[in-house]
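Colleague: I have a few questions about the pockets here. Please walk me through them.

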Amino acid sequence: MRDVYVNTDVEEVIVARVGWLFTAPFLAVFALVFLAPIGYGVYLSLFDTKLIGGTTFAGAANYAKALSDPQFWSSFGRVALFLAVQVPVMLFLALLLALAIDSGRLHGAAFFRISVFLPYAVPAVVAALMWGFMYGDRFGLVGNLERALHVTLPDLLSPDVVLASIGNIVTWEFVGYNMLILYSALRVVNPSLYEAAEIDGAGQIRIVRVIKLPALRGPLLIATIFSIIGSFQLFNEPSILKTLAPNSISTFYTPNLYAYSLSFSGQQYNYSATIAVVMGVITMVVAYLVQLRGLRRAS
């Protein structure tokens with residue numbers, strides 16, 4: 001009997017080691033591409049490098065500077081406004097499209113599904129360049145319309161409108177991605193629920209409200225969290241449009257653009273890392289709070 005216990009213990013140890021052996025490649029890659037950059041960013045944020053004096057330990061001085069930096073808070077307020085307006089509009093459009101394609105009443109549903117999703121396959125840099133040239137009043141679509149119709153259209157790259165123009169680009173890019181998430185969730189709903197609802201005399205509006213929308217709570221929460229993270233990371237679109245509208249988009253237009261400018265133009269690597277760490281923490285906290293609220297409402 002004792003030999004049986006010993007053999008069992010040895011087998012458990014072997015199984016545990018084999019399990020770690022299988023997960024070791026993933027853990028190594030995860031540590032290399034995820035944990036190591038974060039750790040290095042935090043390390044850089046704790047020091048201050050100057051041309052005269054070299055590198056000195058700064059402690060929390062960089063973080064205190066960031067929290068009192070008006071340019072940082074200006075860029076943060078801009079992406080917060082972008083998030084508050086663009087994300088609900090994008091998710092609402094994605095929801096409408098998913099419901100329309102899933103309804104079975106839309107002719108050519110497969111064509112519309114692919115057409116809506118196709119912009120997501122376009123690289124963000126290409127999309128920003130394409131829309132930027134269309135926005136231009138001296139070239140592209142807006143300029144051609146002005147000359148053809150002999151009218152003066154609003155300057156879509158002006159300081160007052162450029163944030164909405166960026167929101168249009170991001171919505172065009174990602175509404176199909178979010179639509180696919182919601183549509184996939186609708187496809188796994190048990191068809192017997194629809195049959196039972198129709199037998200009870202429920203119309204399409206009631207089926208959407210009672211069956212489809214509750215089934216989409218989880219996917220909508222996931223799409224919302226992804227969209228929040230993407231909004232706080234806004235970089236490609238303003239960075240590309242900055243070359244077309246330098247007077248409308250500053251070097252601190254978004255936090256990521258601010259960190260990029262500090263690092264590559266201002267050679268302030270330590271403070272740039274601080275901005276990145278602060279934004280990472282803010283993004284993580286906001287995403288967690290949204291997830292927590294969503295889970296509470298679902299329960």
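**Two pockets**

Modeller: H13 gives the second largest pocket the largest share of its lining, six residues. This is a predicted model, so local features need pLDDT of at least 70, side-chain atom pairs count only at pLDDT 80 or more, and totals for chains, interfaces and linings use all residues. Residues are numbered from 1 along each chain as its sequence is written, and side-chain values use heavy atoms, without hydrogens and water.

Colleague: What makes a space a pocket, and what makes a residue part of its lining?

Modeller: On a 1 Å grid over the protein atoms alone, a pocket is an open set of points with protein on both sides within 12 Å along at least five of seven lines. Lining residues have an atom within 4 Å of a point.

Colleague: What volume does the second largest pocket have, and which residues are closest to its centre?

Modeller: Its volume is about 480 Å³ (the space filled by probe spheres set on the grid points, which are joined across faces, edges and corners). Of its 18 lining residues, Arg-217, Leu-220, Leu-221, Gly-294 and Arg-297 are the closest to the centre.

Colleague: Why is H13 called a helix?

Modeller: A helix is a DSSP run of H or I with at least four residues, numbered from the N terminus. H13 spans 269-298, so H13 fits.

Colleague: How many residues does H13 give to the lining of the largest pocket?

Modeller: Eleven, the most of any element. That pocket holds about 730 Å³ of space. Of the 25 residues lining the largest pocket, the closest to its centre include Ile-38 and Gly-280.

Definitions and conventions
On a 1 Å grid over the protein atoms alone, a cavity is a set of points where a 1.4 Å probe fits but cannot get out, and a pocket is an open set with protein on both sides within 12 Å along at least five of seven lines; lining residues have an atom within 4 Å of a point. Helices (H or I, at least four residues) and strands (E, at least two) are DSSP runs, numbered from the N terminus.
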